[in-house]
Amino acid sequence: MATLLTKQELKNHILDFRDLLAHFDYSSLKNVTFLNLDAFYAYMDNVKGNPFELQYNALQKELDFIQPYLPFITGSRASEFMNALGNAANDAEVDTIKKIFTKKLRDDFIAFSRTATTDDQWLHIINTCEQIRQRKEEMLLALN
């Protein structure tokens, strides 16, 4: 079982993620423009040794820490997840659904985070993730 981050650890990881995202350097590709994040992800998945690999891996490492505390960005994504789980026929399908939606959750969070430009918006992100962390902490305490 994953270790529950403290409030300060979660905040630090989110701020590190913010810093990595804010300083993501696209300058090594002079004549390539990504139309959207899906195009960028396709590039990352298919071009090994690309100039963004180290930066992208650093972003993913921070997401590894904060992922358990990420909210669904939209209600429709949450509904989509719940519907998929409701239609799962067995544990293997549930595991597959969880993997698919974990990637979607992370990708959605990156896309959403790119729209946060002020300290207040980032504080809102931190507070939302902290609320999820608190619920997890309360559930762990209730089990003990």
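Contact here means heavy atoms within 4.5 Å. With that in hand, the structure can be walked through from the whole to the details. The model is a predicted one, with a mean pLDDT of 90 for the protein and 98% of residues at 70 or more. Confidence peaks in helix 1 (residues 7–22), at a mean of 96, and bottoms out in helix 2 (residues 37–46), at 83.

As for the fold, there are six helices and zero strands, so to speak an α-α-α-α-α-α pattern when read along the sequence. The C-alpha trace spans about 55 × 40 × 25 Å along its principal axes. Of contacts between residues at least 6 apart in sequence, 70% join residues at least 24 apart.

Turning to the inside, 29% of the 144 residues count as buried. The largest nonpolar core holds 26 residues, and I14, F17, F40 and I66 are the ones that touch the most other members. Helix 1, helix 2, helix 3 (53–66), helix 5 (91–113) and helix 6 (119–143) each chip in at least two residues, with helix 2 giving the largest share, five residues. Setting aside residues up to four places away in sequence, I66 touches L10, H13, I14, F17 and F109.

D108 sits in helix 5. With a relative accessible area of 19%, D108 counts as buried, because the cut-off is under 20%. Beyond its neighbours within four places in sequence, D108 is in contact with I73 and R77.

On the outside, the protein exposes about 9,400 Å², and carbon and sulfur atoms supply 54% of that. The mean positions of its 16 positive and 20 negative charges are 0 Å apart.

Technical notes:
Residues are numbered from 1 along each chain as its sequence is written. This is a predicted model: local features need pLDDT of at least 70, side-chain atom pairs count only at pLDDT 80 or more; totals for chains, interfaces and linings use all residues. Side-chain values use heavy atoms; hydrogens and water are left out. pLDDT is the predictor's confidence in each residue, from 0 to 100. Helices (H or I, at least four residues) and strands (E, at least two) are DSSP runs, numbered from the N terminus. A nonpolar core is a set of buried Ala, Val, Leu, Ile, Met, Phe, Trp, Tyr and Cys residues joined through side-chain atoms within 4.5 Å. Buried means under 20% relative accessible area, exposed over 50%, partly exposed in between (1.4 Å probe, protein chains only). Accessible areas come from the Shrake-Rupley method with a 1.4 Å probe; for residues, only the protein chains shown count as cover. Lys and Arg count as positive and Asp and Glu as negative; His and the chain ends are not counted. The place of a charge is taken as NZ of Lys, CZ of Arg, CG of Asp or CD of Glu.
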